[in-house]
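Q: Please look closely at one part of this model, beginning with a single residue. I would then like to follow the account to other sites, with the supporting values stated throughout.

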Amino acid sequence: MLKIAPSLLAADFSKLAEEVKKVEDAGADLLHIDVMDGHFVPNLSMGPMIIESLRNKTKLPFDVHLMVEEPARFVKPYADAGADIISVHIECFCGLYRTIKSIKELGKKAGIVLNPPTPISSIEYLLNDLDMILIMSVDPGFGGQSFIPYVLPKISEARKIIDEHKLKIDLSVDGGVNEKSAPLIVEAGANVLVMGSALFREKDVKSLIQKYKNLSLDIRNQK
Ligand code: DX5
Ligand code: ZN
């Protein structure tokens with residue numbers, strides 16, 4: 001079944017713990033946490049203290065998306081704060097292989113994020129070390145942007161590689177996931193949907209999450 005990862009960036013920051021509880025009770029699988037440094041992307045967001053303060057409020061795994069220029073500097077602070085999966089951008093200025101290794105050495109799952117124009121071939125050498133591939137379907141930095149449809153073939157390509165090599169890698173898509181784009185994303189082969197604005201603005205989050213989780217079954221039944 002599909003996994004839903006609500007993106008905390010779209011939550012009401014004045015009551016974060018309540019927002020987390022709301023999505024956990026509604027059946028979310030992961031909590032997606034966007035970390036921005038004001039350099040790699042033109043925005044700032046959540047430091048490790050925020051993550052730490054939420055850690056004992058939920059059992060949801062923390063899926064930390066580092067949108068920072070130098071992820072190597074932040075892996076340990078976020079791991080110590082309670083991250084379960086730490087994903088770094090292939091476009092960052094860093095020793096990527098070393099950074100992925102350090103995430104694993106800390107006992108965490110490791111992911112690689114690709115911006116919309118970055119080809120999947122750029123991460124082939126890392127595949128055996130990954131737990132997640134996160135495909136950006138907007139330019140990173142802000143919530144509420146429109147889905148960029150030209151990433152769909154890249155999602156299919158990633159799915160093909162994962163299946164062909166029988167890899168245990170989650171294929172996640174982040175940015176502009178909503179009622180219109182989600183069926184296309186799932187049909188292309190993603191098994192994790194990161195959802196910000198389309199989810200947190202809804203009143204009945206539980207039905208919404210259930211509806212999205214059933215998408216893969218619906219699509220299979222239509223074939
Ligand atoms: C964007 C972030 C996303 C963002 C998604 O840079 O990585 O996780 O919160 O928000 P929506 O779903 O509103 O596009
Ligand atoms: Zn994200």
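A: Lys166 counts as exposed in this predicted model, because its relative accessibility is 74% and the class begins over 50%. Lys166 is placed in the loop that runs between helix H5 (152-164) and strand S7 (170-174). The backbone of Lys166 deserves attention as well: its phi is positive, at about 50°, although the residue is not a glycine. Most residues other than glycine have a negative phi.

A second loop position gives the opposite result for accessibility. Thr118 lies in the loop between strand S5 (109-114) and strand S6 (132-136). With a relative accessibility of 12%, Thr118 counts as buried, since that class covers values under 20%. The side chain of Thr118 is also engaged in a polar contact, at 2.6 Å, with the side chain of Glu91.

Within a strand, Val64 may be considered next. Val64 belongs to strand S3, and it counts as buried because its relative accessibility is 0%. Along the chain, Val64 and Val75 are eleven residues apart; in space, their C-alpha atoms are separated by 9.8 Å.

Strand S3 leads on to the ligand site. Ligand 1 sits in the largest pocket. Two or more residues of the shell around ligand 1 come from each of strand S2 (31-36), strand S3 (62-67) and strand S8 (192-195). The shell comprises 19 residues, of which Ser7, Asp34, Gly141, Asp174 and Ser197 come nearest to the ligand. Sorted by class, the residues around ligand 1 are seven nonpolar, ten polar and two charged.

Three separations describe how oxygen of ligand 1 is placed against N or O atoms of the protein. On the backbone side, an N or O atom of Gly144 is 2.8 Å from an oxygen atom of ligand 1, and a backbone N or O atom of Gly196 likewise lies 2.8 Å from an oxygen atom of the ligand. From a side chain, an N or O atom of His65 is 3.3 Å from an oxygen atom of ligand 1. The protein covers 99% of the 380 Å² of accessible area that ligand 1 has on its own.

In summary, the account began at Lys166, an exposed loop residue, passed through buried Thr118 and buried Val64, and ended at ligand 1 in the largest pocket.

Note on methods. Residues numbered from 1 in each chain as written. Chains lettered and ligands numbered in written order. Predicted model: local features only at pLDDT ≥ 70, side-chain atom pairs only at ≥ 80, totals over all residues. Heavy atoms only, no water. Near = heavy atom within 4 Å. Polar contact = N/O pair within 3.5 Å; in protein donor to acceptor, adjacent residues only side chain to side chain. Areas by Shrake-Rupley, 256 points an atom, 1.4 Å probe, with all protein chains shown as cover. 1 Å grid on protein atoms, 1.4 Å probe; cavity = no way out; pocket = protein on both sides within 12 Å on 5 of 7 lines; lining within 4 Å. Sits in = over half its atoms within 2 Å of the grid points. Helix = DSSP H or I, 4+ residues; strand = E, 2+ residues; numbered from the N terminus. Nonpolar A, V, L, I, M, F, W, Y, C, P; charged D, E, K, R; others polar. Buried < 20%, exposed > 50% of the residue type's maximum accessible area, 1.4 Å probe, protein only.
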